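This report walks through selected contacts, strands and helices. Have the viewer open as you read.

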Amino acid sequence: MKKVATPEYDIKDKLKYHVSALSTAAKEVVLPLNITTHYPRERKKMPDCFRGYILFDPERCISCFECSFVCPANAIWMKEAPSGRYYPTLDYGKCIFCHFCVDTCPGGALKQTKIHDVAYKDMDEMFTLTEEMIEPPEIIREDEGYVEYEIDKEDLSLKRTKGIDKLIVDVAPSQGVPMVSLCVEPESCLGCGICEGMCESGAVSSLKEDGMVRMKIDMDKCTGCGLCVKECSMQILRLVRK
Amino acid sequence: MIDINAIISTMMNNQVNIPLLQPLIEPLLGMPVIGYLIALILWKPFFVLILIPGFATMGIMLLILPWIERKMVARMQWRVGPREISPRTRGIVQLLADTLRFLFQEVIIHKDAHKLYFLQFPFLYFIPVLLPLLFINAGTAGNPLVPIQTDYALQIMVALISLMPVFILGVGWASNNRFAFIGTVREAFLYFAYEIPFIVIVLAMIVLYGTSNTVGVVNAQSGVWWGIIQNPLAALTFFIAMVMATARLPFDIPEADQEVSFGPFVEYSGIAFGLAYVMGYEKMYVLSAMMTMLFLGGGSGPEILGLGDLSCGIWFVLKTLIVLVIMVNLRGVYPRYRLDQGLRIGWGAMLILALVALGWSIVVMGVRL
Amino acid sequence: MFDANTETCEEVKKMATAIGVSEWEVKIPEKPLKDKLYFENLKAKVIDTNLCSRCLTCACVCPVDGIIATDGVEFPNYEEECTDCGACVRVCPRFVYEPKSGLGSYIEFIAGQSKRFKGQDGAMATELIVSAMEMGMIDRGLFVGRDEQWATEIFHVRDPEQLEVLPLGGTKYTFASVLPELKKAARFTKKGVGIVGTPCMVSGVRKLQQEFPFFRERIKLVVGLFCTENFHHDELTKYLKEKGVDFSKLIKTDITMGKFIATMTDGEVKFKVKALEEILPSGCNVCTDFTAVESDASVGSVGSAAGFSTVAVREENAKKIIDFIKKKGYADFGEADPAQLDFLIGHKKKREENIKRD
């Protein structure tokens, strides 16, 4: 076993270090470098893609359930709307703000914001319904400025700027991992056309001719939402990377 | 039969002389009851013990010292310290808020604790901490300002300071808690480490000044010849022994928060905890007063006009405050020593330095004679 | 990686063929009634002409799970839900009916008695499936069990230990909906599925395997049973109750020597099988296959001694299982006499006359 000895200093070095420690302390007392953010009078400036509160746009939702499937904390549950479509509801008690759902959504219906400090009175309120997810929550802004940390080789300093940092920014919706749907056992296809009926983007098409049905998946139109893969009765469709 | 006149004449002979307030005091002395009261207050021993630099000053110090400590250490650590209680005055009222909180908290005595000692020992701890104040000389050469003048003052003070850890041991034992026990045992170890050098240093100073009467101690430091210049090694060692005695970082061993969660006083809550918290600062104050008296010339300093005897007191308090501030801010500078390292320092470097200081004192005395 | 412009689509297409295709063709059969849905064709040609044997192969393959078995086979609300895919027509063994009959080909014709299972006779159907599971040929088997009212339930068996707690062995003389469960089993199986079924079901499974490779690869063992006819559950219970059978005390039902014997805890009820002709289902009336000639192995009671089951081992996979059983000593084997089956084979072949050809 290798033994690591404590470093030995001679008396001169020791004195030097003592003096330097005390003098640094004394200097800091007089001219301190302060890195505390005086929240809520100041806010820290977050980057644009900060993973905060999630907003939802129902126009772009195709009810593919991808957000619900991918959520690692099981925080998204789909609830039926009166129109018959399913929209996500988000339980912030479980959400870990990983934003997998935002990344996966094929239609870009979920959007991130910089809001990170929403307060609730009890646990039940944390279960956010779809209607509540469309508009951002009421924000009472107490801050007059924002701070940024500047890191300069070895030193860290705080830069204070007056002004209000916008909390809801327009970030381009993420492309996600482009996937398309393909049939892996075409000989077992029934030609039932359920996939075609499911497809929201019109990528799957069937053509009935004499004695046969021609099935086609247009890879340019396919958004990789996975609805057809889920609904195929023989389970012969798969999602693959584009 | 108590001879009232004799008492009053003793008191009148030994009054604190404050030229500024003299016009105010004269008519008051004339009045029947208030006169006696004023005479009592301005009687030197009473004045020194209760007002400056005794209990009243200590009380004020207890209010501002933790605040100073927290703010200055925060500045060293790039943060801000307490500020939300009174933002405009930078949080100076924090200590009052803390005291109020302690008053309202419940004092919990768990059923395994020795109920009697658990409650009594923190109170009894007041005795060795406050008694040394009786001998503190806040005056200058030729103008003593001390409650009790006796030839055995320094010895009594050292004895009382040696008595302090016994009560901490009692507290830790009464708590019946393993963390308290560990903290107590560490306190006992540390006590052995600093006690011998401490006694040797005081001995060195007694040898140097030739007297252990506090009046003589201050008299021997006339002019520029403060103790710190006469025997600097002793001053350094005394300072380090003081840091060890009051369990301040870097010798935070008995009450390390991260290791034994506040050591002997872990089971205390409410006002009992407040007492424990405050006791540390009182101990620091008494020891710093002792250091000022021994090494920093007592109350010597340029005369503040019009205050007469009071100026010595004010200088004394200022010097004590400087010592205290330095001691308290070591918290932000040094990490904590391990127990064995602390013991090694106590029995190694400090003892050697103390003996060297003693030798130096002897040599200097020999030269003088 | 690839973006969606057309120049790189060729590479994508090449990749796609390795893992799947984006264009393919499905052959669909001819519709006798051109302007009607495929289910209506099935209904017209098989169900309403009383040819339907209630094998439920159509229910197995229907993509919207619309076809259900009630009294007969029907598709409620087919006008709106039928996708007109034609799968039901493709797999129905009676849509273009080529009746099978006779003893069929076999490699071995033996009698077996399982040492570890109790069934109708020698429990060889159970033994075959369980041994196939142990061999690793299949990882699930579809068994028919029953409840207290002797109504049939289908169980997916993945571990032989399940057989100790489930009421599975023994003949149930009522229809069992085995094939609708087959789709679910085939979807989730990793090694293969084994089923036990009547000759009509076996024909249906063979048609499934012929039309769809999905089933061809996943159904690894098909055990057929000797079958003269089957009955609808409520009709049979009503009949038996009239005859004095108490279902709460019923242990075993048997048809031997032309007699139906219901054994209860405190007695038996016997009557001639001919008496059941009044509740004989129409689909069974046109069936000519007694020994399940299309199966991998056929199991029945005729042709062997009491307590033994006759096993006609027809295909290689069944032969491997029988060898495995012999090696492990899970069953005793004996002689079986094919001549004893001649009467019932002839009896069923006569039903060919009942098939109305138009």
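Which residues does C:Ile321 touch, not counting residues up to four places away in sequence?

## A buried isoleucine in chain C

C:Ile321 touches C:Leu128, C:Ser131, C:Ala132 and C:Met135, once residues up to four places away in sequence are not counted. The model is predicted. C:Ile321 belongs to helix α12 of chain C, residues 316–328. One of the residues it touches, C:Met135, is 186 residues apart from C:Ile321 along the chain. Their C-alpha atoms are separated by 7.8 Å.

C:Ile321 counts as buried because 27 C-beta neighbours lie inside 10 Å. The cut-off for that class is 20 or more.

## Chain C against chain A

The contact between chains C and A involves 26 residues of chain C and 30 residues of chain A. Three elements of chain C each supply at least two residues to the side that touches chain A: α1 (9–19), β1 (23–27) and α9 (213–218). Strand β1(C) gives the most, with 5 residues. By class, this side of chain C has 18 nonpolar, 4 polar and 4 charged residues.

## A sheet that spans two chains

Strand β1(C) also pairs across the chain boundary. Its partner is strand β11 of chain A, residues 212–217, and 5 bridges join the two. They run antiparallel. For one bridge to locate in the viewer, take A:Met212, whose partner in β1(C) is C:Lys27.

The pairing is part of an open sheet of 3 strands. The order is β10(A)-β11(A)-β1(C), with antiparallel pairing. Which strands form the edges? They are β10 of chain A (204–209) and β1 of chain C, and each pairs on one side only. On average, neighbouring strands of this sheet are turned by 20° against each other, direction ignored. As background, strands of a sheet pair through backbone hydrogen bonds, either parallel or antiparallel.

## A covered strand in chain A

Strand β9 of chain A covers residues 179–183, and 5 of its 5 residues are buried. In a regular strand the side chains alternate between the two faces of the sheet. Is each face of β9(A) covered or exposed? Both faces are covered. A:Met179, A:Ser181 and A:Cys183 are buried on one side. A:Val180 and A:Leu182 are buried on the other.

Strand β9(A) pairs with strand β12 of chain A, residues 237–241. The sense is antiparallel, over 5 bridges. Opposite A:Val180 stands A:Val240 of β12(A).

## Chain B: overall fold and a helix pair

Chain B has 17 helices and 0 strands. Of its 369 residues, 42% are buried. Among contacts in chain B with a separation of 6 or more, 79% are between residues 24 or more positions apart.

One helix pair is worth displaying. Helix α10 of chain B (residues 178–209) and helix α17 of chain B (residues 339–368) have axes that come within 8 Å. The axes cross at roughly 10°, so α10(B) is roughly parallel to α17(B). The cut-off for that label is under 35 degrees. The residues of this contact divide into 24 nonpolar, 3 polar and 1 charged.

## Chain B against chain A

How many residues of chain B are in contact with chain A? There are 9, and they meet 10 residues of chain A. Helix α5 of chain B (residues 55–76) makes up the largest share of the chain B side, with 3 residues. By class, that side has 5 nonpolar, 2 polar and 2 charged residues.

B:Asn329 has contacts in both chains. Leaving aside neighbours within four places in sequence, it is in contact with A:Ala25, B:Met72 and B:Val73. B:Asn329 lies in helix α16 of chain B, residues 309–329. Why does B:Asn329 count as buried? The reason is its 21 C-beta neighbours inside 10 Å, against a cut-off of 20 or more. B:Asn329 and B:Met72 are 257 residues apart in sequence. From C-alpha to C-alpha, they are 6.9 Å apart in space.

Definitions and conventions: Residues numbered from 1 in each chain as written. Chains lettered and ligands numbered in written order. Predicted model: local features only at pLDDT ≥ 70, side-chain atom pairs only at ≥ 80, totals over all residues. Helix = DSSP H or I, 4+ residues; strand = E, 2+ residues; numbered from the N terminus. Buried ≥ 20, exposed ≤ 12 C-beta atoms within 10 Å, placed from the backbone. Contact = placed C-beta atoms within 7 Å. Nonpolar A, V, L, I, M, F, W, Y, C, P; charged D, E, K, R; others polar. Axes fitted to C-alpha atoms, helices over the stretch in contact; angles between N-to-C directions. Parallel < 35°, antiparallel > 145°, perpendicular 65-115°, else oblique. Pairing = 2+ DSSP bridges.
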